[in-house]
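Trainee: I would like to take one part of this model slowly. Could you walk me through a single helix, together with the loop that leads into it?

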Amino acid sequence: MSPRALIRSVTHRITQHPNTDVTYEAECLACAWTATPSTDAEKVDVRCLSHAGRSNHRGFRRIVTGFAFVVRDEEDPVPAPSVPPHTAGG
């Protein structure tokens with residue numbers, strides 16, 4: 001008897017990793033000023049407005065960092081608690 005392979009198609013989806021937060025940051029395009037990273041987007045926007053008011057710099061790069069998690073449709077979408085590898089230890 002020869003071995004047979006069983007191949008099946010499984011649907012996957014991508015979602016926000018449930019054990020992490022989205023982080024918001026901003027950088028001034030005119031100088032080296034940066035906003036302190038925060039999980040609160042409004043706080044970062046207020047810091048940009050304050051910097052613009054003091055410096056008249058009006059251009060900012062906004063950075064949003066989130067971690068994704070891929071699950072199979074038939075699996076529980078919550079992974080075991082863990083820290084993404086590139087954030088562990090700094």
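Mentor: What follows is a close look at helix H1 and at the residues on either side of it. The model is predicted, so local features need pLDDT of at least 70 and side-chain atom pairs count only at pLDDT 80 or more, while totals for chains, interfaces and linings use all residues. Residues are numbered from 1 along each chain as its sequence is written, and side-chain values use heavy atoms, with hydrogens and water left out.

Let us begin with the approach to the helix. Ser38 sits in the loop that joins strand E2 (23-28) to helix H1 (41-55); here helices (H or I, at least four residues) and strands (E, at least two) are DSSP runs, numbered from the N terminus. With a relative accessible area of 12%, Ser38 is buried, where buried means under 20% relative accessible area, exposed over 50% and partly exposed in between (1.4 Å probe, protein chains only). Leaving aside neighbours within four places in sequence, Ser38 is in contact (heavy atoms within 4.5 Å) with Val22, Thr23, Tyr24, Lys43, Val44 and Arg47. The side chain of Ser38 also reaches the backbone nitrogen of Asp40 at 2.9 Å, a polar contact, that is, a pair of N or O atoms within 3.5 Å; within protein, one must be able to donate a hydrogen and the other to accept it, and residues adjacent in sequence count only if both atoms are side-chain atoms. Asp40 in turn makes a polar contact at the start of H1, where one of its side-chain oxygens comes to within 3.0 Å of the backbone nitrogen of Glu42.

Turning to the helix itself, the 15 residues of H1 should span 21 Å at 1.5 Å a residue, and its end C-alpha atoms are indeed 21 Å apart; the expected span is 1.5 Å times one less than the number of residues.

Which residues of H1 are buried? They are Val44, Cys48 and His51, and, seen down the helix axis, they fall within an arc of 65 degrees, so they line one face of H1; the arc is that of the directions from the helix axis to the C-beta atoms. An α-helix has 3.6 residues a turn, so residues three or four places apart point the same way. What covers the buried residues of H1 includes E2 and strand E3 (60-65), whereas the face turned away from the buried side carries the exposed residues Glu42, Leu49, Gly53 and Arg54. Beyond the helix, H1 is followed by Asn56, whose phi is positive, near 65 degrees.
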